[in-house]
Amino acid sequence: MSDTTTAASLEEITAELARLRDEVGAARALAQRAEDRGQVENLFNRYMWLHNAFEDEQIIPLWVKEGTEGIRARYTNAGQYTTWQSVTDYHRGRPHPEGKLILHATTTPVIEVAADGETAKGVWMMAGTESGLTDPKVAEAFPDMYSPEEVLGKKVWAHWVWCKYAIDFLKQDGEWKFWKFRCYELARAPFEENWVSFGLKNQGAFDLDLMYFGDDGKPVFMPPADEPAPDKNHPYSPQTVQKLEPVPPVAHDRFTDTFA
């Protein structure tokens with residue numbers, strides 16, 4: 001074998017090794033992105049299991065650590081929360097009264113992990129039920145949301161509810177955390193009423209800062225927002241058209257604030 005042939009063979013081997021290294025590197029990156037996507041989906045699913053069981057205090061450690069720049073949460077048109085304390089206050093002291101049921105089931109995830117592996121984006125749809133019992137005197141302030149009959153001497157609220165979620169995630173110390181969180185309530189309706197007629201008369205409710213119904217069905221309101229909402233959620237109404245909101249994330253190299 002000539003020196004020329006030997007040199008050519010070495011070049012081919014070197015080129016093949018380089019190609020294999022590139023393939024292994026690409027496969028590792030793809031596997032890591034798939035692992036990250038699974039962890040992000042598990043994080044949000046864990047949130048929903050805890051929220052449905054009224055164990056919101058356990059959700060607080062799922063958020064980015066205190067002092068993280070850019071933390072944000074928004075649930076209504078009344079405003080948004082932009083500090084770690086105000087964001088996590090949503091999960092503190094949530095009551096678990098008798099007869100109350102929340103069952104939120106999320107579907108249709110679109111999750112994209114940034115190519116740099118530092119952030120991720122996800123959107124979900126949610127269909128669920130919410131119900132509870134309210135003292136009749138308290139119920140007088142919200143007459144449209146209750147069923148006609150009483151149970152155990154209390155008024156019954158039993159609703160279908162539909163929402164959408166748009167969430168940005170940040171990897172901190174090797175773990176995925178909630179960073180920016182937005183819930184869009186799309187529609188709801190009492191069990192006895194359709195969402196079309198209820199949607200027509202319920203539009204103003206989306207501008208309120210109602211957080212949940214607590215002990216004995218009493219309304220609990222959110223603390224004042226840190227700043228106004230930069231835009232409005234557009235829930236279902238028989239007088240409006242539907243919009244692609246939020247826009248599902250697409251593949252991207254690094255973080256951009258889609259949901260600002």
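**Exercise 1. The coiled-coil annotation**

Determine the helix and strand content of residues 10-37 and the separation of the end C-alpha atoms.

*Solution.* Over residues 10-37 the chain is 100% helix and 0% strand, where helices (H or I, at least four residues) and strands (E, at least two) are DSSP runs, numbered from the N terminus. The end C-alpha atoms of this stretch are 40 Å apart. An unreviewed UniProt entry places the feature "coiled-coil region" at residues 10-37; UniProt positions are given in the numbering used here, feature names are shortened, and annotations may be inferred rather than shown by experiment. The model is predicted, so that local features need pLDDT of at least 70 and side-chain atom pairs count only at pLDDT 80 or more, while totals for chains, interfaces and linings use all residues. Residues are numbered from 1 along each chain as its sequence is written, and side-chain values use heavy atoms, with hydrogens and water left out.

**Exercise 2. The annotated domain**

State which residues the annotation "domain: SnoaL-like" covers, and give the helix and strand content there.

*Solution.* According to the unreviewed UniProt entry, the annotation covers residues 32-182. Over residues 32-182 the chain is 21% helix and 44% strand. The C-alpha atoms at the two ends of this range are 26 Å apart.

**Exercise 3. Two residues of strand S6**

Locate Trp-157 and Leu-170, classify the burial of each, and report one C-alpha separation for each.

*Solution.* Strand S6 comprises residues 154-172 and contains Trp-157. Trp-157 counts as buried because its relative accessibility is 4%; the classes are buried under 20% relative accessible area, exposed over 50%, and partly exposed in between (1.4 Å probe, protein chains only). The C-alpha atoms of Trp-157 and Gly-174 are separated by 43 Å, although these residues are 17 residues apart along the chain. Leu-170 also lies in strand S6 and is buried at 15% relative accessibility. Leu-170 and Thr-68 are 102 residues apart in sequence, with a C-alpha to C-alpha distance of 9.8 Å.

**Exercise 4. Cysteines without a disulfide**

Explain why Cys-163 and Cys-183 are not bonded to each other.

*Solution.* A disulfide is a covalent bond between the sulfur atoms of two cysteines. The criterion applied is a pair of cysteine sulfur atoms within 2.5 Å. The sulfur of Cys-163 has its closest cysteine sulfur in Cys-183, at 4.1 Å, and is therefore too far for a bond. A search of the whole structure accordingly finds 0 disulfides. Cys-163 is buried, with a relative accessible area of 6%, and Cys-183 also counts as buried, at 12% relative accessibility.

**Exercise 5. Positive phi outside glycine**

Compare the location and exposure of Thr-108 with those of Leu-152.

*Solution.* Thr-108 has phi near 55°, a positive value in a residue other than glycine. Thr-108 is found in strand S3 (residues 101-113) and is partly exposed, with a relative accessible area of 48%. Leu-152, likewise not a glycine, has a positive phi of about 55°. Leu-152 is found in the loop between strand S5 (150-151) and S6, and is exposed at a relative accessible area of 77%.

**Exercise 6. Polar contacts of buried side chains**

Identify the partner of the Glu-130 side chain and the backbone atom that lies 2.8 Å from the side chain of His-252.

*Solution.* Glu-130 is found in strand S4 (residues 119-134) and is buried, with a relative accessible area of 12%. Its side chain makes a polar contact with the side chain of Arg-188 at 3.1 Å. A polar contact is a pair of N or O atoms within 3.5 Å; within protein, one must be able to donate a hydrogen and the other to accept it, and residues adjacent in sequence count only if both atoms are side-chain atoms. His-252 lies in the segment after strand S9 (219-221) and counts as buried at 15% relative accessibility. The backbone oxygen of Val-250 lies 2.8 Å from a polar atom of the His-252 side chain.

**Exercise 7. A cis peptide bond**

Specify the geometry of the peptide bond from Glu-245 to Pro-246, and locate Pro-246.

*Solution.* The peptide bond from Glu-245 to Pro-246 is cis, with omega near 0°. Pro-246 lies in the segment after S9.
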